[in-house]
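Student: Please take me closely through one part of this structure, in a connected account, and state the cut-offs behind each term as you go.

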Amino acid sequence: MKKEKSEVNFFDIMSSYKCNQNCLFCSVEYQKRKMQRSTFDIKKDVLEAKKEGIKNIGFSGGEPTLRKDIFELSRFAKKEGFKLIRLQTNGILLAYDNYCNKLVDSGINYFKISIHSHIPEIHDYLTQTKGSFKQTNKAIQNLIELNQPVELNYVISKHNYKFIPQFVEYFSNKGISKFCFIYQIYCGNAYDNKRIISVKISEITPFLKEALNIIDDYDLDKGIVFNIPFCLLPKYHERCVQIFNTKVSTPEKIMQNVDLDGKEDKIKFDRCKNCKYEKKCYGVWKTYVKLFGEKEFNPIK
Ligand code: SF4
């Protein structure tokens, strides 16, 4: 079969699956939580990305700040000439000013912070970590004071979907302009906790649309949405990211092109042939369809 092409421009290194939170919606399976990669392996990936001509690199996890070598790794990426060096983190350790400064000094120049509510009790419940809101919120404040680019990741689930607009209001008032909304994927913890956290996409979209309108009204950067197909947000289809142009290396060392390799876990339906987005759309997660069926997905003419 002929391989499809995808223009990769970002290399995301999942540095381990260890974490200092235990989010109800985490897609990592519990048994994998101890997996950690060596400094040598990660540096090899950095060099591989350079060899492929990719200019942007990121460290994610699990929680990458649990690695003692995170400063060494970002210094290495900086030395190798990467333009953008991104850290995707729950921000717990960045609540400490010194730690935050040290990360910036080491070369990280983009911070993707996972925070799932502006209401402390909801965030702490979703992360199953008491006090996590306070620390992550402090991390965001520290980064703003350091003039660092910050994007917030908000995983949408049953307990927080009604508050997405207020979340945007709260953090845009603090100076955040980049928001990324991720509909949870039902694997790992999220699959085990599906009875507690699952919610249909069509229930969340009214709140998501309201939040995207606020983002437009306030003239913030375009908010983006993951894991929701175009047909459930037709007027906002430009916000639904289906192509990531990203290569990922995981602790299992599987190198993936997420756009092409992730397709196997998704499904499209016969009626999708009549949809104007058919060519651009990669479909719906199979695990979602197993839980909620396929009735919500109808072609856009
Ligand atoms: S192709 Fe199918 S799943 Fe994708 S947007 Fe159209 S109807 Fe929805």
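Tutor: Around the ligand stand 15 residues (C-beta atom, placed from the backbone, within 6 Å of it), and the closest are Phe230, Cys231, Cys272, Cys275 and Cys281. The model is predicted, so local features need pLDDT of at least 70 and side-chain atom pairs count only at pLDDT 80 or more, whereas totals for chains, interfaces and linings use all residues. Residues are numbered from 1 along each chain as its sequence is written. The shell around the ligand comprises eleven nonpolar residues (Ala, Val, Leu, Ile, Met, Phe, Trp, Tyr, Cys and Pro), two charged ones (Asp, Glu, Lys and Arg) and two polar ones (the others, Gly among them).

The part to examine closely is strand 6, residues 178-183 (strands are DSSP runs of E, at least two residues, and helices runs of H or I, at least four, numbered from the N terminus). Because five of its six residues are buried (20 or more other C-beta atoms, placed from the backbone, within 10 Å of their own), strand 6 is largely enclosed by the rest of the structure. Strand 5, residues 150-156, runs parallel to strand 6 and is joined to it by six bridges (pairing takes at least two DSSP bridges), with tyrosine 183 of strand 6 opposite isoleucine 156. Together with helix 6, residues 164-173, these two strands form a right-handed β-α-β unit (clockwise from the first strand over the helix to the second, with the strands pointing away from the viewer). Strand 6 also pairs in the parallel sense with strand 7, residues 224-226, over three bridges, and there cysteine 180 has isoleucine 224 as its bridge partner.

Key
Buried ≥ 20, exposed ≤ 12 C-beta atoms within 10 Å, placed from the backbone.
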